[in-house]
Amino acid sequence: MAVRHPAMTDEIIALLPRLRRFALTLTCTEDDADNILREACTRALGHAGQRDRDQPLDRWVFGILRNCWVSERQRRRVRLRAEDFRDMFRDDAESVYAHQEEVKEQESSNMINDLPADLGSILLIVSVEGYSYAEAAALFHVPKDTIAILVHRARKILSAQPGARRRLNHHA
């Protein structure tokens, strides 16, 4: 497949570190982050003609990345329901619980990833990426006041962690 928008490709390549950081915040695992990042970049390049030129490229691609994660979570829910149903008949619940414990350990490896996924991703977009509340509200399709409340809640949770104030002030 030939890329028709080489300038856009270069801009997306420049965004990759920021996009990957956001993907890691959403997914909490490197493999999942890489998968949705790949999917988002493919979608962005494949739908370049649909981009609103008045909207900055980074906001557009962040939105695509978030939508890829939402779609992946929905697909996982369907798969998990099917697996849970099969597990009832296989009596294999121990392996499901072991897998859940591994996921929990991975999630607790990073301060922001310790937050609920929505809080962590919103805090990252506002505090690390520097988006305004209005821009974050547009990205997450929620009112601006909701963003302000969620950022406050995330910061409050993090400030209760030992040594968190110094790290929060570094990112803010």
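Here is a short back-and-forth on why certain labels fit this predicted model.

Me: What makes up the fold, in terms of helices and strands?
Reply: The chain has eight helices and zero strands. Reading from the N terminus, the elements run α-α-α-α-α-α-α-α.

Me: How do you know whether I147 is buried or exposed?
Reply: Buried means under 20% relative accessible area. I147 sits at 0%, so I147 counts as buried. I147 lies in helix α7.

Me: What does I147 touch, leaving out residues up to four places away in sequence?
Reply: I147 touches I122, V126, Y133, A136, A137, F140 and V142. Take V126: V126 and I147 are 21 residues apart along the chain, and their C-alpha atoms are separated by 8.9 Å. A contact is about heavy atoms within 4.5 Å, so the C-alpha distance isn't what decides it.

Me: Which residues have the most contacts inside the largest nonpolar core?
Reply: Those are F22, I125 and I147, in a core of 39 residues. The elements giving two or more residues to this core are α1 (6-27), α2 (30-46), α3 (57-90), α5 (117-128), α6 (133-140) and α7 (144-159). Helix α3 hands over the largest share, eight residues.

Me: And what does I125 touch, with the same sequence neighbours left out?
Reply: I125 touches F22, F62, G130, Y131, A136, L139 and F140, not counting residues up to four places away in sequence.

Me: Why is the D58 and R18 pair called a salt bridge?
Reply: The cut-off is a side-chain nitrogen of Lys or Arg within 4 Å of a carboxyl oxygen of Asp or Glu. For D58 and R18 the closest N and O atoms are 3.1 Å apart, so the pair meets the definition. D58 lies in helix α3 and R18 in helix α1, so the pair ties together parts that are 40 residues apart in sequence.

Me: Are D58 and R18 buried or partly exposed, and what makes them so?
Reply: D58 has 18% relative accessibility, so D58 counts as buried. R18 has 22%, so R18 counts as partly exposed. The line between those two labels is drawn at 20%.

Me: What makes R18 and E129 a salt bridge too?
Reply: Their closest N and O atoms are 2.3 Å apart, and the limit is 4 Å, so the label holds. This pair links distant parts of the chain, with R18 in helix α1 and E129 in the loop between α5 and α6, 111 residues apart. E129 is buried, with a relative accessible area of 11%.

Me: What about E72 and R75: how far apart are they in sequence, and where do they lie?
Reply: Both lie in helix α3, three residues apart, which is about one turn of the helix. Their side chains meet in a salt bridge at 2.8 Å, N to O. E72, at 13% relative accessibility, counts as buried, while R75, at 33%, counts as partly exposed.

Me: Which residues do salt bridges that share partners join into one network?
Reply: R18, R21, D58 and E129. Overall, the structure holds nine salt bridges.

Me: How much of the chain is buried, and how much area is exposed?
Reply: Buried residues make up 35% of the 172 residues. The chain exposes about 10800 Å², with carbon and sulfur atoms supplying 52% of it.

Key
Residues numbered from 1 in each chain as written. Predicted model: local features only at pLDDT ≥ 70, side-chain atom pairs only at ≥ 80, totals over all residues. Heavy atoms only, no water. Core = buried A, V, L, I, M, F, W, Y, C linked by side-chain atoms within 4.5 Å. Buried < 20%, exposed > 50% of the residue type's maximum accessible area, 1.4 Å probe, protein only. Helix = DSSP H or I, 4+ residues; strand = E, 2+ residues; numbered from the N terminus. Areas by Shrake-Rupley, 256 points an atom, 1.4 Å probe, with all protein chains shown as cover.
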